[in-house]
Amino acid sequence: MKTTLTPVARATAAAARLGGSYSYSYSARTTLLLRAAAAPTALRASSPAASGLGLTFRRHKSGPYGYTQAKALVFSRFGEPADVLSVHQHSISPTLPDGSVLIRALAVPVNPADVNTIQGTYGVKPKFSPLLGTAEPSVIPGNEGCFEVVSVGNGVKGLKPGDWVIPATTGFGTLRTHALVEDAEKKLMKVGGERGKEGLTPLQVATVSVNPCSAYRMLRDYVDLIKLSVDGFAKGTASGGAWFLQNGANSGVGRAAIQLGKLWGLRSINVVRERNTPEETEALKKELKELGATVVVTETEFLDRSFTQRLKDEWTNGGKDPLMLGLNCVGGKNAAQIVRSLSPKGVMVTYGGMSRQSFPFPTGPQIFKRLRFEGFWLSAWGEENPEEKKRMINEILEMMREGKFKAAPAQEVVWNWDTEEKVLKDAVQGTLEGFRSGKGVFVFGET
């Protein structure tokens, strides 16, 4: 009697014969990790064994006895990324501690805060650890990223191989190919609730937990703009939804605020730096308006003495529609102009200082306009509100899934096993340099 093996059984047998660590896609929703204890042999999608099975294999680097080979960017002293970062290679045992999972990076963005952490200028300095196996105590930078669960240890109930996850807290250390995460169900958040990763991309998931969340909280927590809109319409005094003003409007936070504001019926005035040519500046203005911006002005227009009069005459219904919220990530003269533009009892929320120019809190506006000045730091907010953070992230992911919210443009840098160290370091170093077409994001291939 002839025995017919299922595709899964045939794949298992093939992997066992060839050795190494592989994953294959059996259907749109099924991924099985196959691991053999023998020394690894490369199995490619074009190989006879793979083509005979009709399967697509993705290589995971492995060593003898099933150890996963991993790489990470690390630093042992503070300084510029190009000077202090290096690639550290290490092995991860196939035997996972109880409550642990092994994850593999799919996409990891590099944010300005990550660079500031490496420079030693961020609000909190990381502690260098001797546990990474480096010659000197080191740190893996990075707070945000999309990872796939490869395998799970005993006692893990809420995660399974194939799930996508993101770090639940900051300081995770995302600039790496793989990670063994202990106490995983506390440190990782499964993506997308019951629907999981369906309809989402790694890029969307990787960039959801910092910039969109910052915009969401600043638009909701300091001034109730939605209530202000409803009250204005009820009184018959408003010409539209409530206004907010922001500089750095082309940033990831700025683009998120534009889109969320549009979804919530708000109107926005957005300040951007001029590009190299008038045509490029106009193209950027058009792009932001297509996202939902009501008004887009250049920094030159914004800092001109005529701006406050334009604000009254052209946009705020002769000043009858109040401007109660300003979002500041620039500082200096730009922040001072936000103060001049706000209506009495308005609030300016500062979440960055990209110009590196100081901004003194002006006495007159605090007294006579009764303005309020607040600072926002997402890391602290997230630690204080972990459950609300999860709810918010899933809400934004649902907007993305439905096509209502677009991720910020990205400059993708492919990170393969053989990618040179300089390429990785330069990608991190370039995060704060000049005009960029998008946020730098590592996209992981053959690792």
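A cavity, as I use the word here, is a set of grid points where a 1.4 Å probe fits but cannot get out. The model I am working from is predicted, and every value below is computed from it.

**Entry 1: enclosed space**

I began with the empty space inside the protein, and the search returned three cavities of 30 Å³ or more. The largest cavity holds about 80 Å³ of space. I then asked which residues line the largest cavity. I wrote down Thr207, Asn211, Pro212, Gly252, Arg255, Ala256, Gln259, Phe405, Lys406, Ala407, Ala408 and Lys439. Sorted by character, the lining has five nonpolar residues, four polar ones and three charged ones. Both H7 and helix H9 (252–263) supply at least two residues of this lining, and the largest share, four residues, comes from H9.

**Entry 2: helix H7**

Since H7 contributes to the cavity lining, I looked up how much of the helix is covered. I found that nine of the eleven residues of H7 are buried; they are Asn211, Pro212, Cys213, Ser214, Ala215, Tyr216, Arg217, Met218 and Leu219. Two of the names in that buried set, Asn211 and Pro212, I had already noted in the lining of the largest cavity.

**Entry 3: helix H8**

I went on to helix H8 (residues 225–235), where Leu225, Ser229 and Gly232 are buried. These three residues lie on the same side of H8, because they cover an arc of only 65° around the axis. Val230, Ala234 and Lys235, on the other side of H8, are exposed. What covers the buried residues of H8? I noted that the cover includes H7, strand E11 (243–246) and strand E14 (323–328). Just after H8, I also recorded that glycine 236 takes a positive phi of about 75°.

**Entry 4: salt bridges**

Side chains of opposite charge can pair when their charged atoms come close. I counted 20 salt bridges in this model, and followed a few of them in detail.

The side chains of arginine 195 and glutamate 398 form a salt bridge, with N to O at 2.8 Å. This pair links distant parts of the chain, 203 residues apart: arginine 195 is in the loop between strand E10 (188–190) and helix H6 (202–206), and glutamate 398 is in helix H16 (residues 386–401). Are these two side chains buried, partly exposed or exposed? I read arginine 195 as partly exposed at a relative accessible area of 41%, and glutamate 398 as partly exposed at 23%.

A second salt bridge joins arginine 217 to glutamate 388, with the closest N and O atoms 3.6 Å apart. Arginine 217 lies in helix H7 (residues 211–221) and glutamate 388 in helix H16, so this pair ties together parts that are 171 residues apart in sequence. Arginine 217 counts as buried because its relative accessibility of 7% is under the 20% limit, whereas glutamate 388 is partly exposed at 28%.

For a third pair I took glutamate 301 and arginine 310, whose side chains meet in a salt bridge at 3.6 Å, N to O. Glutamate 301 is partly exposed with a relative accessible area of 24%, and arginine 310 is partly exposed with 23%. Turning from single pairs to shared partners, I found that salt bridges join Arg217, Asp221, Glu388, Arg391 and Glu395 into one network.

**Entry 5: alanine 72**

I next picked out alanine 72, which has its place in strand E4 (residues 68–74) and is buried, with a relative accessible area of 0%. What does alanine 72 touch, not counting residues up to four places away in sequence? I listed Ser86, Val87, His88, His90, Ile140, Leu175 and Arg176. I also checked alanine 72 against histidine 178: the two are 106 residues apart in sequence, and their C-alpha atoms are 8.0 Å apart in space.

**Entry 6: the whole chain**

Last, I noted the totals for the protein. Its secondary structure comes to 17 helices and 18 strands, and buried residues make up 49% of its 447 residues. Of the contacts with a separation of 6 or more, 71% are between residues 24 or more positions apart.

Technical notes:
Residues are numbered from 1 along each chain as its sequence is written. This is a predicted model: local features need pLDDT of at least 70, side-chain atom pairs count only at pLDDT 80 or more; totals for chains, interfaces and linings use all residues. Side-chain values use heavy atoms; hydrogens and water are left out. A salt bridge is a side-chain nitrogen of Lys or Arg within 4 Å of a carboxyl oxygen of Asp or Glu. Buried means under 20% relative accessible area, exposed over 50%, partly exposed in between (1.4 Å probe, protein chains only). On a 1 Å grid over the protein atoms alone, a cavity is a set of points where a 1.4 Å probe fits but cannot get out, and a pocket is an open set with protein on both sides within 12 Å along at least five of seven lines; lining residues have an atom within 4 Å of a point. Grid points are joined across faces, edges and corners, and a volume is the space filled by probe spheres set on the points. Ala, Val, Leu, Ile, Met, Phe, Trp, Tyr, Cys and Pro count as nonpolar, Asp, Glu, Lys and Arg as charged, and the others, Gly among them, as polar. The arc is that of the directions from the helix axis to the C-beta atoms. Contact means heavy atoms within 4.5 Å.
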